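The following exercises are to be worked with the sequence and the coordinates at hand. Each task is followed by a solution in steps.

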Amino acid sequence: MQPRNMSMSGVVDLAAVKAAQEAKAKAEQARAEAARQGGGAGAVSPADLVIDVDEAGFERDVLQRSAEVPVVIDFWAEWCQPCKQLSPVLERLAVEYNGRFLLAKIDVDANQMLMQQFGVQGIPAVFAVVAGQALPLFQGAAGEAQIRETLDQLVAVAEQRFGLTGLTVDPDAEPGGAQASPAAPAGPYDALLEAAVQALDAGDLGGAVQAYKNVLSEDPANSEAKLGLAQAELLQRVQGVDPQQVRKDAADKPADVAAQIAAADLDLVGGHVEDAFGRLIETVQRTVGDDRDTVRLRLLELFEVVGGEDPRVAAARRALARALF
């Protein structure tokens with residue numbers, strides 16, 4: 001598996017929902033195994049929090065590990081002076097954050113393919129991979145305050161959306177030992193959430209929608225079910241539609257609420273987040289009464305799909321507020 005197969009947009013990727021379930025199950029299994037072995041197995045040493053990664057080990061060391069812990073990737077080179085300022089800061093913070101993320105260092109001179117796959121234009125460049133999803137973090141020698149803020153957001157998203165609570169660090173553990181992560185005990189809705197994932201795998205969008213609704217009927221604040229439901233309903237709405245006709249209708253009928261909503265759904269599924277949000281905000285500005293409320297509610301649903309922590313959502317919320325008031 002190569003990086004190009006991962007979603008770089010962080011938008012509509014049902015694999016992320018599945019990955020969250022698998023990450024939790026894997027972490028729970030590792031925790032149970034550690035308990036059977038006396039509680040110490042599965043811990044990593046502080047030295048294991050910073051690793052060198054090459055193309056041959058990328059799948060094992062980054063993609064597979066990202067189902068347990070957020071993996072921060074530092075693209076660097078020996079001749080890069082800003083890298084020599086940034087890399088030591090990242091290495092120090094990896095230890096300081098005590099297992100909440102893993103730092104993977106990639107020498108671009110020796111791993112040109114990975115550099116190209118991630119679309120790195122210059123170094124230093126820092127990305128993260130969470131549950132198989134690649135996210136650009138920043139480029140250049142950022143200040144420590146900015147780096148800390150970015151890392152705080154990353155670990156929060158990893159925990160809230162994917163249940164990744166990080167690695168157990170034992171100062172007395174041998175470097176290169178077993179690598180596993182703890183997780184919270186299985187929740188009361190895990191079976192229903194797993195049923196939703198299985199329905200998605202089988203192409204049963206209706207079944208997935210119902211399974212997520214079953215969770216939310218008992219636990220309305222369940223973030224995983226809210227995200228899964230929003231994504232499944234979106235895919236259900238665009239299933240079987242004619243994209244060309246939808247876009248023609250939207251172009252021909254700018255005042256038609258249903259046409260604009262349908263086009264916004266397609267925009268989002270295609271990864272065109274700003275286009276989807278902008279289309280609906282413009283429609284809000286052109287409408288009143290029930291039509292305006294219909295558009296507003298759909299926009300809020302699309303916010304759920306992308307995730308409230310995404311800066312594009314924050315910007316669109318401000319634009320929506322200006323359009324409404």
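The exercises below concern a predicted model and proceed from the whole chain to single residues.

**Exercise 1. The chain as a whole**

Task: Describe the secondary structure, burial and contacts of the chain.

Solution.
Step 1. The chain holds 13 helices and five strands.
Step 2. Of its 325 residues, 48% are buried.
Step 3. Among contacts with a separation of 6 or more, 71% link residues 24 or more positions apart.
Step 4. The exposed area of the chain is about 15300 Å², and 50% of it comes from carbon and sulfur atoms.

**Exercise 2. The sheet**

Task: Determine the strand order of the sheet and explain which strands stand at the edges.

Solution.
Step 1. The order is β1-β3-β2-β4-β5, in an open sheet of five strands with mixed pairing.
Step 2. β1 (50-52) and β5 (133-139) each have a single partner strand, so they stand at the edges and one side of each lacks a neighbour in the sheet.
Step 3. On average, and with direction ignored, neighbouring strands are turned by 25° against each other.
Step 4. In general, the strands of a sheet pair through backbone hydrogen bonds, in a parallel or an antiparallel manner.
Step 5. At one edge, β1 runs parallel to β3 (residues 102-107), to which three bridges join it; Val 50 has Leu 103 of β3 as its bridge partner.
Step 6. Helix α5 (residues 144-162) packs on this sheet and touches β2 (71-76), β4 (125-130) and β5, with a direction at about 165° to that of β5.
Step 7. At the other end of the order, β4 and β5 are antiparallel and share six bridges, one of which pairs Val 126 with Phe 138 of β5.
Step 8. The hairpin of β4 and β5 has two residues between the strands, and Ala 131 takes a positive phi near 50° there.

**Exercise 3. Two residues, Thr 150 and Asp 74**

Task: Place Thr 150 and Asp 74 in the secondary structure, and decide whether Thr 150 and Asp 74 are buried or exposed.

Solution.
Step 1. Thr 150 belongs to helix α5.
Step 2. Its relative accessibility is 15%, and the limit for a buried residue is under 20%; Thr 150 therefore counts as buried.
Step 3. Beyond residues up to four places away in sequence, Thr 150 touches Leu 137 and Phe 138.
Step 4. Asp 74 is located in strand β2, and at 0% relative accessibility it counts as buried.
Step 5. The side chains of Asp 74 and Ser 87 are joined by a polar contact of 2.7 Å.
Step 6. With residues up to four places away in sequence left out, the residues that Asp 74 touches include Leu 90, Leu 103, Lys 105 and Val 126.

**Exercise 4. Helices α8 and α10**

Task: Compare the span of α10 and of α8 with expectation, then describe the burial and the ends of these helices.

Solution.
Step 1. Helix α10 (residues 257-269) has 13 residues, which should span 18 Å at 1.5 Å a residue; its end C-alpha atoms lie 19 Å apart, in agreement.
Step 2. For α8, with 16 residues, the reach from first to last C-alpha is 23 Å, close to the expected 22 Å.
Step 3. Because 10 of the 13 residues of α10 are buried, this helix is largely enclosed by the rest of the structure.
Step 4. The buried residues of α10 include Gln 260, Asp 265 and Asp 267, and their cover includes α8 (223-238), α9 (243-252), α11 (273-286) and α12 (289-306).
Step 5. In α8, the buried residues include Glu 224, Gly 228 and Gln 231.
Step 6. Asp 256 caps the N-terminal end of α10, with a side-chain oxygen 3.0 Å from the backbone nitrogen of Ala 258.
Step 7. Asn 222 caps the N-terminal end of α8, where a side-chain oxygen lies 3.2 Å from the backbone nitrogen of Glu 224.
Step 8. Just after α10, Gly 271 has a positive phi of about 85°; just after α8, Gly 240 has one of about 80°.

**Exercise 5. Asp 293**

Task: Characterise the surroundings of Asp 293 in helix α12.

Solution.
Step 1. With a relative accessible area of 32%, Asp 293 is partly exposed.
Step 2. Its side chain makes a polar contact of 2.6 Å with the side chain of Arg 296.
Step 3. Leu 324 is 31 residues away from Asp 293 along the chain, and their C-alpha atoms are separated by 10.0 Å.

Notes. Residues are numbered from 1 along each chain as its sequence is written. This is a predicted model: local features need pLDDT of at least 70, side-chain atom pairs count only at pLDDT 80 or more; totals for chains, interfaces and linings use all residues. Side-chain values use heavy atoms; hydrogens and water are left out. Helices (H or I, at least four residues) and strands (E, at least two) are DSSP runs, numbered from the N terminus. Buried means under 20% relative accessible area, exposed over 50%, partly exposed in between (1.4 Å probe, protein chains only). Contact means heavy atoms within 4.5 Å. Accessible areas come from the Shrake-Rupley method with a 1.4 Å probe; for residues, only the protein chains shown count as cover. Two strands pair if DSSP finds at least two bridges between them. Axes are lines fitted to C-alpha atoms, for helices over the stretch in contact, and angles run from 0 to 180 degrees between N-to-C directions. The expected span of a helix is 1.5 Å times one less than its number of residues. A polar contact is a pair of N or O atoms within 3.5 Å; within protein, one must be able to donate a hydrogen and the other to accept it, and residues adjacent in sequence count only if both atoms are side-chain atoms.
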